[in-house]
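User: I am new to this structure and would like a close look at a single part, the cavity. Please take me through what encloses it.

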Amino acid sequence: ITFFCMYGFVEFLRNIVGFFLSKDNPHKNCVIVIKVLNCEKTLEGTIRIIIWKSLSLSHGGFAPNITIVDMGSSDSTADIAQRLSNDYSFINYLTYEEYLKNKGKN
C-alpha cells in the first residue's frame, strides 16, 4: 500500500511539474510548498524525485523553488529539511510559525 501511495504522489507531482513545463513560457517563479509532519523516512526521497523530474522534463533547464514547511515534527524531519536547504539554493526551510509570518507579508 505504501508503494502505491508513493507512486500516486510522485505521479501527482509529475503532472504538476509537467503542467508548468509544458507552457511555451515556463513559470520561473514556480514555488512548490510542501507541509510536512514527521516525514523523516520519505522527505529526502520525495524532494529528490521532484528535482529529478523537473530537470528531466525540462532537459536540465528548470528546477522549481521548493519551500518545506515543518508543521512541528518530533522526529528528525527538521534536520533533514534544513540540510536539504543548505545543500540546494532553491530549497527553503521554514517552521510553521515562520511560514505564517511570511504568508501575511505577501
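Analyst: The structure holds 1 cavity of 30 Å³ or more, where a cavity is a set of points, on a 1 Å grid over the protein atoms alone, at which a 1.4 Å probe fits but cannot get out. The largest cavity has a volume of about 40 Å³, a volume being the space filled by probe spheres set on the points, which are joined across faces, edges and corners. This is a predicted model, in which local features need pLDDT of at least 70 and side-chain atom pairs count only at pLDDT 80 or more, while totals for chains, interfaces and linings use all residues. Residues are numbered from 1 along each chain as its sequence is written, and side-chain values use heavy atoms, with hydrogens and water left out.

The lining of the largest cavity consists of Val10, Leu13, Arg14, Val17, Ile32, Ile49, Ile50 and Lys53, lining residues being those with an atom within 4 Å of a point. Two or more of these residues come from each of helix 1 (2–22) and helix 2 (43–57), and helix 1 gives the largest share, 4 residues; helices here are DSSP runs of H or I with at least four residues, and strands are runs of E with at least two, numbered from the N terminus. By character, the lining divides into 6 nonpolar, no polar and 2 charged residues, with Ala, Val, Leu, Ile, Met, Phe, Trp, Tyr, Cys and Pro counted as nonpolar, Asp, Glu, Lys and Arg as charged, and the others, Gly among them, as polar. As for the setting of this cavity, the protein chain has 4 helices and 3 strands, which follow the pattern α-β-α-β-α-β-α along the sequence.

Note on methods
On a 1 Å grid over the protein atoms alone, a cavity is a set of points where a 1.4 Å probe fits but cannot get out, and a pocket is an open set with protein on both sides within 12 Å along at least five of seven lines; lining residues have an atom within 4 Å of a point.
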